Amino acid sequence: MAAPSAVHCGSHGGVMAAPRQRAAPWGRWFCTAAASRPWRLFGAMCLLRRPRISQPLVKEEEEMAALMGQIELEKSHYSDHEVRKLEEEEQLRRRKESMHDDDDEAVGKTVIMAQDLEDKWEQKLLQFKAAPRVTDADKKNDRTSLNRRLDSNLLLLVKQKIGNQELWLLPQVEWQPGETLRSTAERAMATFLGDHVQAKTLGNAPYGIYKYKFPRAIRTEDNVGAKVFFFKAFLQSSDLSQADPKDYLWVTKDELGDYLKPEYLKKVNRFLLDL
């Protein structure tokens with residue numbers, strides 16, 4: 001129902017105009033935003049493969065580890081195995097002094113001494129060979145492989161066509177009505193790696209945003225530029241059989257500068273930690 005334009009006031013039938021209300025400024029903004037969307041929205045996924053081994057210790061860390069190990073050894077108690085070994089050594093010493101042989105009491109029984117166990121463990125240790133920290137992919141500098149830089153985070157980059165350029169970026173796709181920005185970023189990941197790849201997305205809010213304007217030749221009032229919202233996820237599977245190795249790379253934070261443009265790299269480095 002339309003609001004009355006005037007109201008009666010007093011007994012003389014005078015007419016007074018209804019007071020006009022000030023229009024809320026946010027109402028005008030809402031109408032304009034709903035009518036046109038000058039910025040195109042994108043969701044991007046920062047997919048990380050976490051380190052598989054610990055980083056090598058530096059000199060100071062090695063010295064501190066040796067010191068703490070020595071302190072722990074000095075303050076520790078004997079283990080059950082060490083107590084058993086000491087008891088057996090004491091029994092052997094007494095037998096030698098008394099020249100008394102108790103072996104007749106254990107005829108037909110196999111006695112495994114603590115020292116025998118230690119010799120067996122020592123032989124097993126000598127046969128053990130640790131896997132190399134430097135893999136074949138490291139030697140070949142194969143940046144399409146997940147089996148490289150095992151002590152560092154690896155970040156997924158994909159090659160995408162933006163305008164008439166092919167750029168290395170975090171996987172991104174444009175937002176579609178009805179989606180959340182998180183689901184858009186997850187769709188971007190699935191687009192390049194396949195639906196079977198398992199990853200754990202961290203949180204529902206973006207970790208960063210990158211905004212840029214389109215070239216003047218194609219920029220209009222209704223198509224000013226793009227806003228890219230970054231989300232983060234941890235890779236939980238290594239089956240990348242559906243992905244084209246020519247279109248993606250797994251790089252460390254230090255290697256990002258070889259592929260990303262400076263302004264884009266600056267935004268990514270703000271939320272990317274490499275501890």
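Reader: How many aromatic pairs does the count come to here?

Author: Six aromatic pairs. Bear in mind that this is a predicted model.

Reader: Take Trp 168 and Tyr 259, then. What makes the pair edge-to-face?

Author: Start with the ring centres: they lie 5.9 Å apart, and pairing asks for within 6.5 Å. The planes of Trp 168 and Tyr 259 stand at 75°, and over 60 degrees counts as edge-to-face. So edge-to-face it is. The pair also ties together distant parts of the chain, 91 residues apart: Trp 168 is in strand β5, while Tyr 259 is in the loop between β10 and α7.

Reader: Is Trp 168 buried or exposed?

Author: Buried: its relative accessibility is 17%, and the cut-off is under 20%. Tyr 259 has 23%, so that one is partly exposed.

Reader: And why is the pair of Tyr 210 and Tyr 264 called edge-to-face?

Author: Here the centres are 5.1 Å apart and the planes at 80°. Set those against within 6.5 Å for a pair and over 60 degrees for edge-to-face, and the name follows. This is another link between distant parts of the chain, with Tyr 210 in strand β8 and Tyr 264 in helix α7, 54 residues apart.

Reader: How do you know that Tyr 264 counts as buried?

Author: Its relative accessibility is 4%, and buried means under 20%. Tyr 210, at 15%, counts as buried by that cut-off too. Both tyrosines belong to one aromatic cluster, which also includes Tyr 212, Phe 214, Phe 230 and Phe 271.

Reader: What sits over the ring of Trp 39?

Author: The charged end of Lys 211, 5.3 Å from the ring centre. The distance limit is within 6 Å.

Terms used
Residues are numbered from 1 along each chain as its sequence is written. This is a predicted model: local features need pLDDT of at least 70, side-chain atom pairs count only at pLDDT 80 or more; totals for chains, interfaces and linings use all residues. Side-chain values use heavy atoms; hydrogens and water are left out. Rings of Phe, Tyr and Trp (its six-membered ring) pair if their centres lie within 6.5 Å; planes under 30 degrees apart count as stacked, over 60 as edge-to-face and the rest as tilted. Helices (H or I, at least four residues) and strands (E, at least two) are DSSP runs, numbered from the N terminus. Buried means under 20% relative accessible area, exposed over 50%, partly exposed in between (1.4 Å probe, protein chains only). A charge sits over a ring if NZ of Lys or CZ of Arg is within 6 Å of the ring centre and within 35 degrees of the ring normal.
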